Amino acid sequence: ERKKILLVCGPGNNGGDGLVAARHLTLFGYDCTVVYPKQSKKQHFLNLVKQMEDVGVKVLEEMPADAKEGQYAAIVDAIFGFSFQGEGGIREPFGSIIKDMIASQGKGDGAGTSIISVDVPSGWDVNGGDGGTGFMPDVLISLTSPKLSSKKFTGRHFVGGRFLPPAVAEKYGVSMPPYQGVQQVWES
């Protein structure tokens, strides 16, 4: 039986990362469903949705009822990224979705549902951490390099991608992970 993965995508670039991840995870043999309530009308995002649908990814506009019951091996949080501004609270439906993700955490089979956040946990300030949601995913995958908020993260932490040119890393004093050979992922 293929493991079921639920990916929750927001309307911006972090959501785009989730759309790409859904396609790749499906091609790796997972049964993926995407929740995409505020779909972007930009052509790039329309293309990403079409590419997902072409490989059989189901796209929903709201959280499925079974999400809180542990029916998924993992839920990927790709709602908000590093540009999230939380003044005034988290807009719906995303506030409720984050609560649903928290409620689903650790439920289900013996392994439970793991929550995996892309780049920055949704609802977190990129520099300061949790903005009051109480959301602490099990896994954080930082893209290019960890953001300051990752210092407050307590789960498994991976850094993915060699996307930062050496000159830019040097200019901003970014110490890149020690990727081995052709490896693209490093666990901190």
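A residue is called buried here when its relative accessible area is under 20%, and by that criterion F94, G95, I97, I98, D100, M101 and S104 of helix α3 (residues 94–104) are buried. The structure is a predicted model, and every statement below should be read with that in mind. Its framework is an open sheet of eight strands with mixed pairing, and its largest pocket holds about 870 Å³ of space. The points that follow take up the sheet, the two helices for which contacts are described, the pocket, and finally some individual backbone positions.

**The sheet**

- The strands of the open sheet follow the order β3-β2-β1-β4-β5-β8-β9-β10, and its edges are formed by β3 (58–60) and β10 (185–187), each of which pairs on one side only.
- Between neighbouring strands of this sheet the average turn is 20°, with direction ignored.
- Strand β1 (residues 4–9) runs parallel to strand β2 (residues 31–35), and the two are joined over five bridges; within this pairing K4 has D31 of β2 as its bridge partner, while V8 stands opposite V35 in β2.
- Strand β2 is mostly covered, since four of its five residues count as buried, that is, under 20% relative accessible area.
- Strands β5 and β8 pair in the parallel sense over three bridges, and in this pairing I116 stands opposite V139 of β8.
- Strand β8 also pairs with β9 in the parallel sense, here over five bridges, with H157 in β9 serving as the bridge partner of L140.

**Helices and their surroundings**

- Helix α1 packs on the sheet and touches β1, β2, β4, β5 and β8, and its direction makes about 160° with that of β1.
- The buried residues of α3 are F94, G95, I97, I98, D100, M101 and S104, and what covers them includes β1, β2, β4 and β5.
- As a general point for reading such a list, an α-helix has 3.6 residues a turn, so residues three or four places apart point the same way.
- Just after α3, the backbone at G106 takes a positive phi of about 80°.

**The largest pocket**

- The lining of the largest pocket consists of 29 residues, and those that lie nearest its centre are A21, L25, V76, I116 and I141.
- By residue class, this lining divides into 19 nonpolar, six polar and four charged residues.
- At least two lining residues come from each of α1 (13–27), β4 (74–78), β5 (114–118), β8 (139–143) and β9 (156–160), and among the contributors α1 gives the most, with five residues.
- One residue links the pocket to the strand pairing described above: I116 is among those nearest the pocket centre, and I116 also stands opposite V139 in β8.

**Backbone positions worth checking**

- A cis peptide bond, with omega of about 10°, joins E92 and P93, and P93 lies in the loop between β4 and α3.
- D119 is not a glycine, yet it has a positive phi of about 70°; this residue sits in the loop between β5 and β6 (124–125).
- With a relative accessible area of 7%, D119 is under the 20% limit and therefore counts as buried.
- T144, likewise a residue other than glycine, has a positive phi of about 75°, and its place is in the loop between β8 and β9.
- The relative accessibility of T144 is 17%, which is under 20%, so T144 is also classed as buried.

**An exposed loop residue**

- G134 is placed in the loop between β7 (129–130) and β8, and because its relative accessibility of 55% is over the 50% limit, G134 counts as exposed.
- Although G134 and K99 are 35 residues apart in sequence, their C-alpha atoms are 9.0 Å apart in space.

How values were computed. Residues are numbered from 1 along each chain as its sequence is written. This is a predicted model: local features need pLDDT of at least 70, side-chain atom pairs count only at pLDDT 80 or more; totals for chains, interfaces and linings use all residues. Side-chain values use heavy atoms; hydrogens and water are left out. On a 1 Å grid over the protein atoms alone, a cavity is a set of points where a 1.4 Å probe fits but cannot get out, and a pocket is an open set with protein on both sides within 12 Å along at least five of seven lines; lining residues have an atom within 4 Å of a point. Grid points are joined across faces, edges and corners, and a volume is the space filled by probe spheres set on the points. Ala, Val, Leu, Ile, Met, Phe, Trp, Tyr, Cys and Pro count as nonpolar, Asp, Glu, Lys and Arg as charged, and the others, Gly among them, as polar. Two strands pair if DSSP finds at least two bridges between them. Axes are lines fitted to C-alpha atoms, for helices over the stretch in contact, and angles run from 0 to 180 degrees between N-to-C directions. Contact means heavy atoms within 4.5 Å. Buried means under 20% relative accessible area, exposed over 50%, partly exposed in between (1.4 Å probe, protein chains only).
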